[in-house]
Structure formats: C-alpha cells, structure tokens
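Here is a friendly walk through one protein chain, with the rings, the helices and a pocket as our stops. Have the model open beside you as you read.

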Amino acid sequence: MLYEAHEISVPYAAAGIRGTGHPVVYAYVRDRSREMAVPPRPALLICPGGAYSFTSDREAEPIALEFLRRGFQCFVLRYSTAESTVFPGALLETAAAVVWIREHAEEWNMDPHAVMVCGFSAGGHLAASLGVFWDKEFVNGPLGTSGEQIRPDGLILGYPVITSGEFRHQISFECLLGERYEEPGLLELVSLEHQVSEQMPPAFLWHTWDDGGVPVENSLLFANALRTHGIPFEMHILPSGSHGMSLGTAETGMISEACSPWVDWAECWVRSLPKR
C-alpha cells in the first residue's frame with residue numbers, strides 16, 4: 001500500500017482572502033498487482049469535521065482505512081481552518097485536491113469519473129459546498145480550472161452542517177466566515193439548501209434524529225432541495241446517536257450498532273451510481 005502526504009497549494013490572494021495554512025492530502029492507495037487484473041477503483045476524498053476550527057482525527061484515517069478495505073482509493077484532506085483562512089479558502093483547497101486526485105487516476109488505478117467527496121459535520125458542509133459551487137467562477141477563477149475538473153461524481157455526507165438559518169451550527173459559520181461574517185449576502189450564500197441546482201452531483205446523507213450538535217433539519221432541508229431540483233439522493237435518518245459518530249465503532253471511540261451500517265449503505269450507493 002502507498003501512503004503519501006501531498007501539500008496542496010492554493011492562490012488565496014487571487015481569491016481576495018487571507019491564507020496562511022498548509023493543507024495536506026494524505027493518500028491511502030492500494031498498489032497495482034502483477035497477479036490480479038483489478039478494474040479502476042473509485043476514489044474517496046474525506047473531509048473531517050471540526051466546526052471549521054480543526055479537523056477531527058475520528059473522521060480522518062479510520063474512515064480512509066475502512067473504505068480502503070472495501071476497494072476504494074482513499075484520501076484525507078487536512079484543510080485550513082479558522083486560524084489560517086476564511087471562505088472560500090478551504091473550498092479552494094478541496095477543489096485543488098480533487099484535481100490532484102484525478103491527475104493520478106491512471107497511475108493509481110482509479111476511475112476519474114468515480115471521484116467521491118465525503119464529509120462529516122462541518123466537513124460535510126465543505127463537501128456539499130464543492131457539490132453546489134463546482135461550476136462557479138469564484139472557485140474556478142482563482143484555481144485556473146474548468147468546472148469539470150473539480151466536480152465530484154458523488155457526495156457522502158455524514159450529519160452535515162448545511163443551513164445558516166434557524167437550525168444552524170453557529171460556531172461553524174463563525175469559523176468559516178471569520179472577519180467576513182458581516183459581509184452582506186455571504187451568510188445566505190453559504191446556506192447550502194439555497195444553492196442546490198440541476199448541476200449538482202448525487203448525494204448520500206445520513207444523520208441521527210436526536211443529534212444534539214447539528215440538528216437533523218440540516219439534512220432534511222438539503223434533501224428537500226435535492227428533491228426539488230431532481231437530484232438523486234439516498235438518505236438515512238437513524239433514531240438515535242450522538243453527534244460525531246464517525247464509524248460508530250470502538251476504533252472511533254463512539255460505539256453505536258445502529259449507526260455503523262451506514263458504511264455498507266454508502267458503499268452500495270456508490271457502486272450503484274450510473275457511470276458518466
């Protein structure tokens with residue numbers, strides 16, 4: 001197995017924002033075999049949660065190793081948080097990471113049309129942001145990319161932060177926007193249920209009904225917007241579980257037999273997606 005750390009370079013100044021972070025993608029990649037002819041594998045870029053103030057270990061390597069076991073090539077993005085950048089800094093880093101992954105598709109036996117972005121909590125907001133903003137000039141312009149280079153082929157969102165409205169996770173939006181928090185229209189822009197369009201990729205969502213950190217209404221609002229715009233999705237609302245469940249196993253320190261099957265469901269969902 002290849003394990004590699006790659007630093008992502010982003011032109012923050014071109015986006016008109018501060019940026020002093022050093023975002024890193026950690027690759028967990030199965031080697032090609034001289035004995036087995038394995039079809040190109042799906043790729044999974046993982047964005048841990050942490051309220052845009054840090055990136056959680058619980059939602060990083062354990063997720064990568066679990067999906068690696070299931071035949072994915074996996075990548076964990078340790079994106080910049082509140083101390084080092086503001087919106088859209090982390091979003092630009094995520095887009096640049098997707099470009100980098102696709103550039104290695106042939107080398108690492110990946111399907112460039114099966115690049116999924118997976119996020120949890122605030123990392124779910126980040127993943128969903130790429131899903132709704134992939135074709136926008138404020139993302140493509142600073143990076144000098146085309147939208148198709150950064151468009152995810154699917155989103156896996158675990159208990160995501162979505163709305164800046166009534167059910168918002170206040171700290172996430174304060175950390176995301178920083179000194180830009182009072183800019184007119186910006187808080188509405190990052191309320192993602194209002195940004196869904198027909199160009200969005202399909203999505204898989206899971207949440208717990210009694211999530212005490214990020215209310216379940218975040219996923220419900222997003223699912224309703226997906227439905228309105230005709231975007232295919234699968235959603236699981238589980239009856240109970242704390243925020244930040246990750247895999248729901250002893251490995252991640254929060255055991256929940258009710259939550260742990262989401263990985264099975266997500267894998268089946270990815271493998272059932274129509275090929276582009």
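A residue counts as buried when its relative accessible area is under 20%. Keep that cut-off in mind for what follows, and keep in mind too that this is a predicted model.

**A threonine in helix 2**

Let's begin with Thr94, which sits in helix 2, the run of residues 89-103. Is Thr94 buried or exposed? Its relative accessible area is 0%, so Thr94 is buried. Leaving aside residues up to four places away in sequence, Thr94 touches Leu45, Cys47, Leu77, Val117, Leu126 and Leu130.

**Helix 3**

Two of those contacts bring us to helix 3, since Leu126 and Leu130 are touched by Thr94 and are listed among the buried residues of helix 3. This helix covers residues 122-133, 12 residues in total. From its first C-alpha to its last it reaches 16 Å, close to the 16 Å expected at 1.5 Å a residue. How many residues of helix 3 are buried? The count is 12 of its 12 residues. The buried set includes Gly123, Gly124, His125, Ser129 and Phe133.

**Aromatic pairs**

Next come the rings. The structure holds 16 aromatic pairs, and two of them are set out below.

| Pair | Geometry | Centre to centre | Angle between planes |
|---|---|---|---|
| Phe120 and Trp262 | edge-to-face | 5.8 Å | 70 degrees |
| Phe204 and Trp269 | tilted | 6.0 Å | 50 degrees |

The pair of Phe204 and Trp269 ties together parts that are 65 residues apart in sequence, because Phe204 lies in strand 7 (residues 203-208) and Trp269 in helix 9. Both Phe204 and Trp269 are buried.

The pair of Phe120 and Trp262 also links distant parts of the chain: Phe120 belongs to strand 5 and Trp262 to helix 9, with their positions 142 residues apart. Phe120 has a relative accessibility of 0%, so Phe120 counts as buried. Trp262 also has 0% relative accessibility and therefore counts as buried.

Which residues do ring pairs link into a cluster? They are Phe67, Phe72, Phe120, Tyr159, Trp206 and Trp262.

**Strand 7 again, through Thr208**

Strand 7 holds Thr208 as well. With a relative accessibility of 2%, Thr208 counts as buried, because the cut-off is under 20%. Its contacts, not counting residues up to four places away in sequence, are Val216, Leu238, Ser240, Gly241 and Cys259. How far is Thr208 from Gly124 in space, C-alpha to C-alpha? The distance is 14 Å, and the two residues are 84 residues apart in sequence.

**The largest pocket**

Our last stop is an open space. The largest pocket has a volume of about 370 Å³. Its lining is made up of 21 residues, and those nearest its centre are Ala114, Met116, Val270, Leu273 and Lys275. Strand 3 (41-47), strand 5 (110-120) and helix 9 (262-272) are the elements that give two or more residues to this lining. Which element supplies the largest share of the lining? Strand 5 does, with four residues. By residue class, the lining divides into 12 nonpolar, two polar and seven charged.

Strand 5 and helix 9 thus turn up twice on this tour: they give residues to the pocket lining, and they carry Phe120 and Trp262 of the edge-to-face pair.

Technical notes
Residues numbered from 1 in each chain as written. Predicted model: local features only at pLDDT ≥ 70, side-chain atom pairs only at ≥ 80, totals over all residues. Heavy atoms only, no water. Buried < 20%, exposed > 50% of the residue type's maximum accessible area, 1.4 Å probe, protein only. Contact = heavy atoms within 4.5 Å. Expected span 1.5 Å × (residues − 1). 1 Å grid on protein atoms, 1.4 Å probe; cavity = no way out; pocket = protein on both sides within 12 Å on 5 of 7 lines; lining within 4 Å. Points joined across faces, edges and corners; volume = space filled by probe spheres on them. Nonpolar A, V, L, I, M, F, W, Y, C, P; charged D, E, K, R; others polar. Phe/Tyr/Trp six-rings, centres within 6.5 Å; stacked < 30°, edge-to-face > 60°.
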